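Let's take a friendly look at the aromatic rings of this structure and how they pair up. Please keep the 3D view open as you read.

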Amino acid sequence: MKDADSIWQEMLPKIEVEVHSLGFDVWITPLKPFKIEDDVLVLCAPTAGAKMDVISRYLPLFKRAMREIEGAPADIVIISDDERPQQVDVSSTAPTAASEPSSPVTHNVLNPRYNFSDFVVGKSNRLAYEAALAVSERPGEMFNPLFIYGDVGLGKTHIMQAIGNDLRMTRPNLKMIYVSMNDFLNEFVSSIRSKDGVNNQSFRDKYRSVDLLMIDDVQSLSKKPSTQEEIFNTFEVLKNSGKQMVFTSDRSPQDIPDLEGRVRSRFMSSMVVDIQPPDLETRIAILQKKSQTAKKNIDMRELTYIAEHVTDNIREMEGVLTKVIFLSKLYERRVDLAICQEALKDYRVQECDEISIDEIVDCVCRYFGMQKADVVGKRKNKEVVMPRQIAIYLVNDMMTLPLAAIGDYFGREHTTVMHARDKIAALVASDNAIKTQVNDIKSLVLRK
Ligand code: ADP
Ligand code: MG
């Protein structure tokens, strides 16, 4: 049976001949074959936005390419990096006792881009930045362990690896390990499975002899209560010998479920700092920095526009910027608002959690010059039915609400909601005028 990697390698040349080379670089190259499960090839895209792009642009092509390959799985699924259970990192997990047990310097897994000078500091992340800087100046002395928490895509991994990258330059002899909690757990579990105890000892030696231990996404520890004892002991050994530990988590130590008391209190007695979503100014500064790195001149107006529309995930914002740059090259045109809007189109799908039904109905009313009472009311004349159906369609399209809840709001059965949804969906596909109306209203909602 072929593995995901070899299937993907066979597919790539078939895909390449059919795709514009820019598109290939932007969307296809970053995809990673993740695994084959239940006869489905799972590919991983770097961001949720990229995932949507790949699905809408290339999925049918991928399927065709795959069908030509002997022994290929039956289907393909694209996931985004956020949805992926952490991948086992080859360079940081010595698989068996056979490999040198105590070669814990795993510099090579650090992303060189994740350094202090590329990190834009603002109110939302200043504390974490200062603490990380202090750690890299005096590892093991202050702030040990350092515990950084915050939502996905806000720079936790970046700031943690910046410590490693910095120390690698200033103290090249320091032994360091960067590992995700998932990898750490997997490695630990396979070490105790070995009967002769050799692996177990090598695991201990490896992790207890480092000067800097960076564990990413420690919230996954709650999945494995039985391993917490060993992990706690490892932390104690490091702490007592003045070795530096840095942890990140998507939530605070108090909020990680199923932690053993001692582990939780070890985390809680850390220097705990959080990273908040960046404010507009910081987001603009990040975009400026990234566009300079990409050697692309983009005007303030456009950068502001992007920053206003992607508010709570820097990784997603980077994804939008990459797409903006791509489109500008493709159209051979300077980045303008139209390009930004196009790049933001798919991203908006996720942005919509913040939208309320009221806002959507409000925009429909403004657009058609009607009262809310008409849209949610009982009347069935032509002038109100169509706007009402468009409102229902948009609520269903832009929000993740059960049909019944939508029905409740509009005072209708959920079958009526389904009918409205399907009717407008069909019209959007077949009638350009309707499509434009629907898109205009959508923009109204999103511009709020
Ligand atoms: P997390 O680990 O919190 O999910 P990451 O560290 O992976 O987030 O950051 C996501 C992306 O956003 C990375 O490409 C990172 O370089 C970028 N990023 C996050 N914060 C900043 C910042 N303050 N300045 C520049 N880039 C940032
Ligand atoms: Mg991370």
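Is tyrosine 207 buried or exposed? With a relative accessible area of 0%, tyrosine 207 is buried. Keep in mind that this is a predicted model.

## Aromatic pairs overall

A pair of aromatic rings is described by the distance of the centres and the angle of the planes. Counting ring pairs whose centres lie within 6.5 Å, the model has 17 aromatic pairs.

## Phenylalanine 184 and tyrosine 207

One of these pairs joins phenylalanine 184 to tyrosine 207: the ring centres are 4.7 Å apart and the planes meet at 80°, so this pair is edge-to-face. Phenylalanine 184 belongs to helix H6 (residues 181-193), while tyrosine 207 sits in helix H7 (residues 198-208), so the pair ties together parts that are 23 residues apart in sequence. Phenylalanine 184 is buried, and tyrosine 207 is too.

## A second partner within helix H7

Tyrosine 207 also forms an aromatic pair with phenylalanine 203. Here the centres are 4.9 Å apart with 50° between the planes, and the pair is tilted. Both residues lie in helix H7, 4 residues apart, which is about one turn of the helix. Phenylalanine 203 has a relative accessibility of 2%, so this residue counts as buried.

## A ring cluster and a charge

Elsewhere in the tour, ring pairs link Trp8, Trp27, Tyr58, Phe62 and Phe326 into a cluster. One member of that cluster, Trp27, has a charged companion: arginine 57 lies over the face of tryptophan 27, at 4.5 Å from the ring centre.

How values were computed. Residues are numbered from 1 along each chain as its sequence is written. Chains are lettered from A and ligands numbered from 1 in the order in which they are written. This is a predicted model: local features need pLDDT of at least 70, side-chain atom pairs count only at pLDDT 80 or more; totals for chains, interfaces and linings use all residues. Side-chain values use heavy atoms; hydrogens and water are left out. Rings of Phe, Tyr and Trp (its six-membered ring) pair if their centres lie within 6.5 Å; planes under 30 degrees apart count as stacked, over 60 as edge-to-face and the rest as tilted. Helices (H or I, at least four residues) and strands (E, at least two) are DSSP runs, numbered from the N terminus. Buried means under 20% relative accessible area, exposed over 50%, partly exposed in between (1.4 Å probe, protein chains only). A charge sits over a ring if NZ of Lys or CZ of Arg is within 6 Å of the ring centre and within 35 degrees of the ring normal.
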